[in-house]
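Please find below a colleague's note on this entry, set out as numbered points. It may be read with the sequence and the structure side by side.

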Amino acid sequence: SAEPRAPPDRIAIVGAGIGGTSSAYYLRKKFGKDVKIDVFEREEVGGRLATLKVQGHDYEAGGSVIHPLNLHMKRFVKDLGLSSVPVSGGLMGVYNGKSLVFEESSWFIVNMIKLVWRYGFQSLRMHMWVEDLLDKFMRIYRYQSHDYAFSSVEKLLFAIGGDDYVRLLNQTLRENLQKAGFSETFLNEMVAPIMRVNFGQSTDLNAFVGAVSMTAADSNLWAVEGGNKVVCSGLLQASSSNLISGSVVSIEEKTRTKQTGSPTKMYEVVYKTGSETHSGFYDIVLVATPLNQKMSDITFRNFDPPIEEFNDPYQHLVTTFVKGELNSTLFSSRPKDQFGLSTVLVTDDSDMFINSLSIVASVRDKEGPAPAVDGMHVWKTFSRDVLTKEQISKLFLSYDYAARKQWLPYPHYAPPQKCPSIILHDRLYYLNGIEFAASCMEMSAIAGYNAALLAYHRWNGNEDMIDQDDLYEKLKTEL
Ligand SMILES: Cc1cc2nc3c(=O)[nH]c(=O)nc-3n(C[C@H](O)[C@H](O)[C@H](O)COP(=O)(O)OP(=O)(O)OC[C@H]3O[C@@H](n4cnc5c(N)ncnc54)[C@H](O)[C@@H]3O)c2cc1C
Ligand SMILES: CC(C)=CCC/C(C)=C/CC/C(C)=C/CSC[C@H](N)C(=O)O
C-alpha cells in the first residue's frame, strides 16, 4: 500500500446507533488521534438499541439478542470492559390459531423425538443448512482484521461466499428451501414462525436474512448487562468522539480554503439543535441511519450527479411489555399451572394479532427472568399494530402494567432487491444499505468497520485494499 497521506481534519458521522458508533471506533483506530470526529444524534445514543422501564426495571425494547459468533459485538464488550448476560427464550411452542402444533420439551432427547416424529430429519437438515452459511460468514472477520474493505454490499457478500451467497439475496427463503426439499409443513410450522418473530415477515424475505433469522433461534444467545445500548455509549467514549445532540437536515459539497491555503472540497453538514440551525465542514461524512424520508430526512444539496433517493419501505412494529398472568387457555386446554411455555410463536395462518409472546428478563437479570409473583411474569409481545385493551385482556387473565414502544425496525424484504450503495459520493459513505441483506446489530457493526476501512483506504489511495478477488484463498495461509 502507498504511504498514508496526512489524515483528514474532521469527520462527521450521522447517527449514534451501533453502526455509527462502531465506525467512530474504527475510524479512530485507522486515522489516529488527531482527526476530530463529530457524531450527530437527534434522539438517544443507541438508536434501535433501547430499553424501556417496566415497574422500575429496564428491558430491551429494540435489538435484544446477540449470537455467540457475532465477533464484533463480542469484541466491543471485551474491549469496553462490559459484561454479558445469557438470554434464553425458555420452552417454545408454535400456535396455529387452533392449537399448539409444536411444544418444546426440557428434555433434549424428548425434543429430538418430537421433532423427528413430526418433521422427519428436516430440523437436522435445517441446522446443517444454517451451519454451512454461518461457517462461510465467519470469513468476513478475517478479511476485516486484515484491513480489507468492500465498495458494495454485494461485493462484500460475494467475497464471503461467491455467487451462491449473492444469490441468497435475490431469492426468497421459501424458494430456496423448497428447492432444497424442505416440506410445506416444516416451512409453515417451524421456519415461518421464526421469521415472524425476528423479522415480522413470512418466508417471502430474502434467503440471506432468512438464514440470519434462523441463527437467532440457536442456543447460547446473549445480551449486554445493563442494556445493549451501553456498547454505543462505550464506543463513543473509547473513540474520543464528540457527540452533537442535533438533527442533520442537509449535506452539501462546497469548496473551502483550508489553513494550508489550498482550496479543498468539503462537505457542509447543516443541523438543528432545538430551533437553532448550525453547520460544520467535514472532509469525510458517514451516514449511519436509514436514508428513508420517514427515518432520517436528510437533503443532499446540489450534488452532481444527484445522490440517488432511497424509498424502500421499513416495517411497522410495536413492542409491548405486559406484567401479567397469561391466559394460557387461549393456546392450550391444559391447566394453567401445567402450561410450561415461555415463548409462543405463531404460524402465518393463525390469524393472531401478535407475532410472538415471550417472558423476558430485565437487562440486569443474570439468572434469567425473575420467578413469577402471583402467577405474573413480564411478557414481551411483537405486533404490527398497537394492541388494544381488549386484545391485551384476551392474552392475559389479569395484568398490572403495560408499556409499549413503536418502531420502524427493519426493511420490508422483497427479493430480488439491490442493496443501496455504500459510496454515495467521493468521501460520503452510507452504512445502512447492508440492512437490505439483513438487519441486526452485527451487520451494522460489520458495515461500520467496512465504511471506516473504505474511507481510510480511499483517502490514502490504497486501491489494493478494496474489492480484492480471491481474498479467501489469499488469506488462507496467513495467520
Ligand atoms: C424491536 C427490534 C428488535 C430487534 N431485535 C434484534 C435482535 O434481537 N438482535 C439484533 O442483532 N438486532 C435486532 N434488531 C435490529 C437492530 O436493532 C438494528 O439492526 C441495529 O440496531 C441498527 O443499528 P444502526 O446503527 O444501523 O441504526 P439505528 O440504531 O437506527 O441508528 C441510527 C441513529 O441515527 C439517528 N438519526 C436518524 N436521522 C438522523 C438525523 N437526521 N440526524 C441525527 N441523527 C439521526 C437515529 O436517531 C438513530 O439513533 C432489532 C430491532 C428492533 C427495532
Ligand atoms: C449476523 C449473524 C450471523 C447472526 C445474527 C443473529 C441474530 C441475533 C439476529 C437477530 C435478528 C433480529 C432482528 C431479531 C429480532 S427479535 C429478537 C428476539 N427474538 C426477541 O424476541 O427480542
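1. In this predicted model, a backbone N or O atom of Cys440 lies 3.3 Å from an oxygen atom of ligand 1. Two further backbone approaches involve nitrogen atoms of ligand 1: a backbone N or O atom of Arg42 lies 3.2 Å from one such atom, and a backbone N or O atom of Ser296 lies 3.1 Å from a nitrogen atom of the ligand. Taken alone, ligand 1 exposes 1000 Å², of which the protein buries 94%.

2. The shell around ligand 1 deserves a closer description. There are 38 residues around this ligand, and those that come nearest are Gly19, Glu41, Arg48, Val65 and Met441. By class, the shell divides into 17 nonpolar, 16 polar and 5 charged residues.

3. Which helices and strands each supply at least two residues of the shell around ligand 1? They are helix 1 (18-31), strand 2 (36-41), strand 10 (247-257), strand 15 (317-326) and helix 12 (441-460).

4. Helix 1 and helix 12, both contributors to that shell, also pack against each other. Two packed helices are described by the angle between their axes and the distance between the axes. For helix 1 and helix 12 the angle is about 35°, and the axes are 8 Å apart. Helix 1 passes helix 12 in a right-handed crossing.

5. The residues that meet in this packing include Ile18, Gly19, Ser22 and Tyr26 of helix 1, and Met441, Ser444, Gly448 and Tyr449 of helix 12. By class, the contact has 12 nonpolar, 5 polar and 1 charged residues. Gly19 and Met441, which take part in this contact, are also among the residues that come nearest to ligand 1.

6. At ligand 2, polar side-chain atoms make the approaches listed here. One of Ser64 lies 2.6 Å from an oxygen atom of the ligand, one of Lys380 lies 3.1 Å from an oxygen atom, and one of Asn198 lies 3.4 Å from a nitrogen atom. Taken alone, ligand 2 exposes 610 Å², and the protein buries 88% of that.

7. Of the 16 residues around ligand 2, Ser64, Val65, Asn198, Thr215 and Lys380 come nearest. Val65 is thus named at ligand 2 and also at ligand 1. The shell around ligand 2 divides into 9 nonpolar, 6 polar and 1 charged residues.

8. Where does the largest share of the shell around ligand 2 come from? Helix 8 provides it, with 3 residues. Helix 4 (122-137), helix 8 (184-199), helix 9 (207-215) and strand 18 (377-383) each supply at least two residues of this shell.

How values were computed: Residues are numbered from 1 along each chain as its sequence is written. Chains are lettered from A and ligands numbered from 1 in the order in which they are written. This is a predicted model: local features need pLDDT of at least 70, side-chain atom pairs count only at pLDDT 80 or more; totals for chains, interfaces and linings use all residues. Side-chain values use heavy atoms; hydrogens and water are left out. A residue is near a molecule or strand if one of its heavy atoms lies within 4 Å of it. A polar contact is a pair of N or O atoms within 3.5 Å; within protein, one must be able to donate a hydrogen and the other to accept it, and residues adjacent in sequence count only if both atoms are side-chain atoms. Accessible areas come from the Shrake-Rupley method with a 1.4 Å probe; for residues, only the protein chains shown count as cover. Helices (H or I, at least four residues) and strands (E, at least two) are DSSP runs, numbered from the N terminus. Ala, Val, Leu, Ile, Met, Phe, Trp, Tyr, Cys and Pro count as nonpolar, Asp, Glu, Lys and Arg as charged, and the others, Gly among them, as polar. Axes are lines fitted to C-alpha atoms, for helices over the stretch in contact, and angles run from 0 to 180 degrees between N-to-C directions. A crossing is left-handed if the near helix is turned anticlockwise from the far one by less than a right angle, and right-handed if clockwise. Contact means heavy atoms within 4.5 Å.
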